[in-house]
Amino acid sequence: MNFEHTDDRRMLADTLVRALRDGYPIETRNAGAYGETGYDAGVWQQLTELGIVSALFDEATGGFGGSGFDIMVVFEALGRALVVEPFLGALMAGRALAKAGGHDETLAGIVSGETIAAFAHDDGATPVTATKSGDGWTLSGTKAVVSQAGAASVFVVTVEQDGDPLVLLVPADTAGVSVRSFNVVEGGAAGDVTFENVTLGADARVGGEGQGQAIVDAAVGAGLLALSAEAVGAMEFVKEATLGYLRDRKQFGVPIGKFQALQHRMATVLLEIEQAHSAVINAASAFDGDDTKARERALAAAKYTIGRTGALVAEETIQLHGGIGMTWEYAVSHYAKRLVMIDHQLGDEDYHLQRYIALG
Amino acid sequence: MDLSFTPEEEAFREEVRAFFRDKLPARLSTLVREGKRLRKSDMEEWHAILNERGWLANHWPEEWGGPGWSVIQRFIFDNESALAHAPRVVPFGVNMLGPVLIKYGSEEQKKQWLPRILDGSDWWCQGYSEPGAGSDLAGLKTTAVRKGDVYVVNGQKTWTTLGQHADMIFCLVRTDATAKKQEGISFLLIDMTSPGIEVRPITLIDGEQEVNEVFFTDVEVPVANLVGEENMGWTYAKYLLTYERTNIAGVGFSIASFERLKEVAQMQKKGGRSLADDPLFAARMARVEIDLANMQTTNLRVLAAVAGGGAPGAESSMLKIKGTEIRQEITSLTRRAYGSYAAPYIPEALEAGWNGEDVGPEDAAMAAPSYFNNRKLSIFGGSNEIQKNIISKAILGL
């Protein structure tokens, strides 16, 4: 039993944390996050040049990491800095292609960071359907609130079918594909992706017959782990900021951290963050294991835990900060929004609790 | 990072499992599994079995009869012990006084008292809390006045767990009334058969007589029974409390009682289906199960930090709070699971050796008393609110 990261992984995390601390202050982040595209293309390029995306993939895929713990340290660091650049899409779309095999060129572009990809999974009001046409398919319908859809040059699209889901690779410039982009509440961007009689050839298919669910699970599983780790990183930042405030802010002539009512709330926050951290460690550990049920259960447990704890930490940090926690100018408010809204991605706390029960 | 046990630790776990399989009497494990109250002789029987194997005082140094285990080995042992439904080791001699004597006692005291803890010659109890000194333990008022070669002790202790069985009590007493409150306390070993001691049982919320009041009227205690130095008792008392918290998360107990809860929920019916399939109840169970899985890793992370040379200390306060919340939630769900048959009060059914006919499902009679009894978990060993004070000061630096 060992709770230390390997030297390589620790170095990766240190490099990333330092680069983000020096090059990604909250002003830079917010300028991109609430700007027109919802991210900063220059920052994205700098971070991918550090090899951050490559760390999310194994050597066979052209990366240098790819284990559950690699995903964990990278996304924890991204969460700590509240990064909005399209790493989640790279991870999920890339892991789908890597699981399936084929589409090597697209995958290589994603791993190197040259290609921005999005994983289009949740259906909108009109679910995406694929009708067989010749060797290929005609795609229609809308995928909802796809993270960083506007930035993506390529989509990995899932289509619910009887039996096994169909997974398709769709370049964003394919005729009939349109994206309605918008910023999201906590900063960053997403988009509804609509397919209007999009004609795709047989080569658009990701994976073979009967492989669909395994590909979706690989992508979504990686996404769940990433979001859970991101949340813990954001919680760590918020914890430190809140502690600083409790020590500095004076009322009634003393630092407010001297008041027991606030101390006990903060102690509870600390406890729950440690528990969330443990949940992510459990999920990262099960992620590479052979026991798929244990893996899915640990992932559901982690996403459930960070959903519940994320909202708690967000609400408590705002309360403990008082009015200042409500201001746009103060970094913590943006972290609080992310910690609440992360529960709206890839299934919320109730969804994952039900999933956990169903897998039991 | 690697959450699996090493091959050596796995082999150790097998050894421990085999021991419980071969040496734990079925009569005792049945009593524990069913939540019955153990008699003094039951506890002594189990202590003797552990002692024969050299595993009773598993954190003592080898010199004094400990097995020389790592913190991870102790964690494995504690967990397996709970999963096997072994009786708990009565902590007062083994886990509390033992470490204090080993660190602060004289050679004579160690030689006199430690072997007697192991072989069961003495049953120790703890004289800490007083009517006016609970969370504010240092406010204790029981006095010890030196007269020649004895201390004369006057005052009252309370919440003395299993004191009705005890031959000996270790006590915090005030030896200097003029000093700051923490600086006038001494640590005394007192023979419970001394003239002037009276033990009165306190009946608890579940009807059990588990704790007592102990009154001291001009009780004479040999000066040789002072541990360490006079007026240094607070240091020893705090040292003891960190040992009290070593297995404080009680992960093993929670795993075992959760397994039991799953059986009960499977067996009980609600609206024509098993309670385990009721969505609301299933959600309550899943929440606590996830909390417990997280807790197990949190506990191991704290232990790994200790094993790696890091400081334990205040982290045990986190384990205490969360661990007891989980244990209480499981007893609460178990009570709910029995539905209306949690209501009948059948005190005899709680005692070891009762052979009467159950009212309702087997073991239903234990569910509510056990739930009420376990409210103590968030109160003793430093209430969970006191633990939050410790976290605020020692971890958060507030």
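In this predicted model, A:A108 counts as partly exposed because 15 C-beta neighbours lie inside 10 Å, whereas a residue is buried only from 20 such neighbours and exposed at 12 or fewer. A:A108 has its place in helix α6 of chain A, which covers residues 104–112. The C-alpha atom of A:A108 is separated by 50 Å from that of A:L262, a residue 154 positions away along the chain.

Another helix of chain A, α4, offers a case of burial. This helix covers residues 68–80, and 13 of its 13 residues are buried, so by the criterion of 20 or more C-beta atoms within 10 Å each of these positions qualifies. From the first C-alpha of α4(A) to the last, the helix reaches 18 Å, close to the 18 Å expected for 13 residues at 1.5 Å a residue. Just after α4(A), the backbone at A:L82 takes a positive phi of about 60°.

Chain A also contains an open sheet. Four strands form it, in the order β2-β3-β7-β6, with antiparallel pairing. Its edges are β2 (129–133) and β6 (177–183) of chain A, each of which pairs on one side only. On average, and with direction ignored, neighbouring strands of this sheet are turned by 10° against each other. In general, the strands of a sheet pair through backbone hydrogen bonds, in either a parallel or an antiparallel sense. The edge strand β6(A) is joined to β7(A), residues 189–200, in the antiparallel sense over seven bridges. Within this pairing, A:F182 has A:A190 in β7(A) as its bridge partner.

Attention now turns to chain B, which has twelve helices and ten strands. The overall dimensions of chain B agree with those of a compact globule, because a chain of 398 residues would then have a radius of gyration near 21 Å and chain B has 22 Å. Along the principal axes, the C-alpha trace of chain B spans about 75 × 50 × 45 Å. Of the 398 residues in chain B, 42% are buried. Among contacts in chain B between residues at least 6 apart in sequence, 71% join residues at least 24 apart.

Within chain B, strand β5 (residues 185–191) is mostly covered, with six of its seven residues buried. Strand β4 of chain B, residues 168–174, runs antiparallel to β5(B) and is joined to it by seven bridges. In this arrangement, B:R174 stands opposite B:I185 of β5(B). Strand β5(B) is also joined to strand β8 of chain B (residues 226–227), again antiparallel, by two bridges. B:F187 has its bridge partner in β8(B), namely B:V227.

The last topic is the meeting of the two chains. In this predicted assembly, 32 residues of chain B are in contact with 30 residues of chain A. On the side of chain B that touches chain A, the elements that give two or more residues are α9 (279–307), α10 (315–337) and α12 (384–395) of chain B. Of these, α9(B) gives the most, with 14 residues. By residue class, the side of chain B that touches chain A divides into 18 nonpolar, seven polar and seven charged residues.

Technical notes: Residues are numbered from 1 along each chain as its sequence is written. Chains are lettered from A and ligands numbered from 1 in the order in which they are written. This is a predicted model: local features need pLDDT of at least 70, side-chain atom pairs count only at pLDDT 80 or more; totals for chains, interfaces and linings use all residues. The expected span of a helix is 1.5 Å times one less than its number of residues. Two residues are in contact if their C-beta atoms, placed from the backbone, lie within 7 Å. Ala, Val, Leu, Ile, Met, Phe, Trp, Tyr, Cys and Pro count as nonpolar, Asp, Glu, Lys and Arg as charged, and the others, Gly among them, as polar. Two strands pair if DSSP finds at least two bridges between them. Axes are lines fitted to C-alpha atoms, for helices over the stretch in contact, and angles run from 0 to 180 degrees between N-to-C directions. The radius of gyration is taken over C-alpha atoms; the globule rule is 2.2 Å times the number of residues to the power 0.38.
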